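Hi,

Here is the structure I promised to pass on. Have a look at it first, and then read my notes below.

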Amino acid sequence: MIFSLPGAIFTPGSEEMQTAFNYAISFHNNNDTQARFKVEPVVEVLDSDDSYKIGQTLCSQMERGIFALITPTSDPSYDTFAAYSNMFQMPLVSPAFPQQTSSDRPTHLGVSLRPRYLRAIVDIINYYKWKTIIYLYDSDNGKYSMHGLFKLIKYI
């Protein structure tokens, strides 16, 4: 039986995400008919967007042999995770990447589970020829999305 080691870094308050992650790992490991290998995740909880602390945590996980990183990314932490992912050619899986980043640095091996949707919103606005819209948001990411939306509309 082959074991693989994905690394996971969670933030405090992400208990639902951690529960879903643990369920998926357990489901995979206990599925005798489909699982050709077992997964033993290396999980840590990090309460910081400090790039130095993120780097220390990632290096600690890489020393233990992780092959992929699973983590929520926020605007301040995305650039650090993307840089490590690119440098060490390690897949980065996240529920959602920020809509806009400070450096617009892509992660070459990154997978965002939520697709980018701003272009689709602009296409709907154009299709229905709306002259005004109301955009409600409840997070900083929503604020950045709104600015990105206005930039896209401006160039069309």
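What follows is a short tour of one strand, the nonpolar cores and two serines.

Some housekeeping: this is a predicted model, so to speak of local features needs pLDDT of at least 70, side-chain atom pairs count only at pLDDT 80 or more, and totals for chains, interfaces and linings use all residues. Residues are numbered from 1 along each chain as its sequence is written, and side-chain values use heavy atoms, with hydrogens and water left out.

Let's start with strand S2, residues 6–10 (helices, H or I of at least four residues, and strands, E of at least two, are DSSP runs numbered from the N terminus). Five of its five residues are buried, where buried means under 20% relative accessible area, exposed over 50% and partly exposed in between, with a 1.4 Å probe and protein chains only. Pro6, Ala8 and Phe10 sit on one side, Gly7 and Ile9 on the other, and both faces are covered. In general, side chains in a regular strand alternate between the two faces of the sheet.

S2 has two parallel partners here (strands pair if DSSP finds at least two bridges between them). Three bridges link S2 to S5, residues 68–70, with proline 6 opposite alanine 68. Four bridges link S2 to S4, residues 42–45, and there alanine 8 is partnered by valine 43.

Next, the cores. A nonpolar core is a set of buried Ala, Val, Leu, Ile, Met, Phe, Trp, Tyr and Cys residues joined through side-chain atoms within 4.5 Å. The largest one has 13 residues, of which Ile9, Ile54, Leu58, Leu69, Phe81 and Leu92 touch the most other members. Helices H2 (51–63) and H3 (75–87) are the elements that give two or more residues to this core, and H3 gives the most, with three. Apart from this core lies another, of five residues, including Ala8, Phe21, Ile25 and Val39.

Finally, the serines. Serine 94 belongs to strand S6, residues 92–94, and is buried, at a relative accessible area of 1%. A polar atom of the serine 94 side chain lies 3.0 Å from the backbone oxygen of threonine 71. Leaving aside residues up to four places away in sequence, serine 94 touches Thr71, Pro72, Thr73, Val111, Ser112 and Leu113 (contact means heavy atoms within 4.5 Å). Serine 139, by contrast, is in the loop between helices H4 (118–128) and H5 (140–154), and is partly exposed at 33%.

Cheers

Notes. A polar contact is a pair of N or O atoms within 3.5 Å; within protein, one must be able to donate a hydrogen and the other to accept it, and residues adjacent in sequence count only if both atoms are side-chain atoms.
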